[in-house]
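Hi there,

Here is the structure I promised to pass on to you. Have a look at it first, and then read on for what turned up in it.

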Amino acid sequence: MAQVEATTERVIAADAEAVFDALADYSGTRARVLPEHFSEYEVREGGDGEGTLVHWKLQATSKRVRDCLIEVSEPTDGELVEKDRNSSMVTTWRVTPAGEGRSRVVVSTVWNGAGGIGGFFERTFAPKGLARIYDALLAKLAAEIEK
């Protein structure tokens with residue numbers, strides 16, 4: 001099993017603290033900025049950063065739906081880590097200053113991919129598809145914060 005990784009980033013015209021707070025707001029902002037690939041979104045514990053437990057279904061393709069139960073931690077300042085209890089998937093959000101009134105958000109997801117020919121296709125196509133999904137989320141986040 002090879003590890004599969006998808007990464008995308010965006011610069012948002014807002015300070016890093018405001019962007020991080022919006023990303024960590026699972027009971028408010030996060031629910032509003034999810035693209036159509038996410039369904040059945042439900043905060044089960046917490047709702048603001050560290051200690052949050054949230055559920056969603058992620059529809060990566062027309063045939064591939066992943067049922068996610070996410071535990072949120074904040075290992076360092078400006079970093080959110082989402083670990084899926086139902087799989088090996090881990091998503092890390094890093095928010096850093098990017099100049100006056102701007103911040104850079106980098107989102108990276110890793111998981112243990114399948115073996116064989118299915119694994120080849122997963123490693124080839126899944127990162128691009130997941131990056132598109134997170135690009136859409138970051139665009140909606142930017143629109144929400146830059147109001």
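Let me begin with the lining of the largest cavity, which is formed by Trp 56, Ile 70, Glu 82, Asp 84, Met 89, Val 90, Thr 91 and Tyr 134. Please keep in mind throughout that this is a predicted model. The space inside that cavity comes to about 30 Å³, and the structure has one cavity of 30 Å³ or more. Strands S5 (79-84) and S6 each contribute at least two of the lining residues. By character, the lining splits into five nonpolar residues, one polar and two charged.

One of those lining residues, Glu 82, deserves a closer look. Glu 82 sits in strand S5. Is Glu 82 buried or exposed? Its relative accessible area is 2%, and the cut-off for buried is under 20%, so Glu 82 is buried. The side chain of Glu 82 has a polar contact, at 2.9 Å, with the side chain of Arg 30. Setting aside residues up to four places away in sequence, Glu 82 touches Tyr 26, Arg 30, Trp 56, Ile 70, Glu 71, Val 72, Met 89, Val 90, Thr 91 and Trp 93.

Strand S5 also holds Glu 79. With a relative accessibility of 10%, Glu 79 counts as buried. Which side chain does the side chain of Glu 79 meet in a polar contact? That partner is Arg 94, at 2.9 Å. Beyond the neighbours within four places in sequence, the contacts of Glu 79 are Phe 20, Ser 73, Glu 74, Thr 92, Trp 93 and Arg 94.

Next, the largest pocket. About 360 Å³ of space lies in it. Its lining is made of 16 residues, and those nearest the centre are Ala 60, Thr 61, Arg 64, Trp 111 and Ala 126. Helix H3 makes the biggest contribution to this lining, with eight residues. The lining residues of the pocket are nine nonpolar, three polar and four charged.

Now for the core. In soluble globular proteins, nonpolar side chains tend to be buried together. Here the largest nonpolar core contains 35 residues, and the ones with the most contacts inside it are Val 19, Leu 23, Phe 38, Leu 80, Trp 93, Val 105 and Leu 141. Two or more core residues come from each of these elements: strand S1 (3-12), helix H1 (16-24), strand S3 (53-59), strand S4 (65-73), strand S6 (90-97), strand S7 (103-112) and helix H3 (116-145). Which element gives the largest share of this core? H3 does, with eight residues.

Val 19 shows how the core is put together around one residue. Not counting its neighbours within four places in sequence, Val 19 is in contact with Ile 12, Ala 14, Val 95, Ser 103, Val 105, Leu 141 and Ile 145.

Leu 58 is another residue to look up, and its place is in strand S3. Leu 58 has 5% relative accessibility and counts as buried. Apart from its neighbours within four places in sequence, Leu 58 has contacts with His 37, Phe 38, Arg 64, Val 65, Arg 66, Leu 130 and Ile 133. The C-alpha atoms of Leu 58 and Gly 129 are 12 Å apart, while 71 residues separate the two along the chain.

Thr 109 belongs to strand S7. Its relative accessibility is 0%, and Thr 109 therefore counts as buried. The side chain of Thr 109 makes a polar contact of 2.8 Å with the side chain of Thr 91, and Thr 91 also helps to line the largest cavity. Thr 109 and Thr 92 are 17 residues apart in sequence, and their C-alpha atoms are 6.4 Å apart in space. Leaving out residues up to four places away in sequence, Thr 109 touches Val 4, Glu 5, Ala 6, Met 89, Val 90, Thr 91, Leu 130 and Tyr 134.

Last, a backbone detail. Most residues other than glycine have a negative phi, and most peptide bonds are trans. Glu 40, although not a glycine, has a positive phi of about 55 degrees. Glu 40 lies in strand S2 (residues 38-45) and, at 49% relative accessibility, counts as partly exposed.

Enjoy looking around, and do write back with any thoughts.

Best wishes

Key:
Residues numbered from 1 in each chain as written. Predicted model: local features only at pLDDT ≥ 70, side-chain atom pairs only at ≥ 80, totals over all residues. Heavy atoms only, no water. Core = buried A, V, L, I, M, F, W, Y, C linked by side-chain atoms within 4.5 Å. Buried < 20%, exposed > 50% of the residue type's maximum accessible area, 1.4 Å probe, protein only. Helix = DSSP H or I, 4+ residues; strand = E, 2+ residues; numbered from the N terminus. Contact = heavy atoms within 4.5 Å. 1 Å grid on protein atoms, 1.4 Å probe; cavity = no way out; pocket = protein on both sides within 12 Å on 5 of 7 lines; lining within 4 Å. Points joined across faces, edges and corners; volume = space filled by probe spheres on them. Nonpolar A, V, L, I, M, F, W, Y, C, P; charged D, E, K, R; others polar. Polar contact = N/O pair within 3.5 Å; in protein donor to acceptor, adjacent residues only side chain to side chain.
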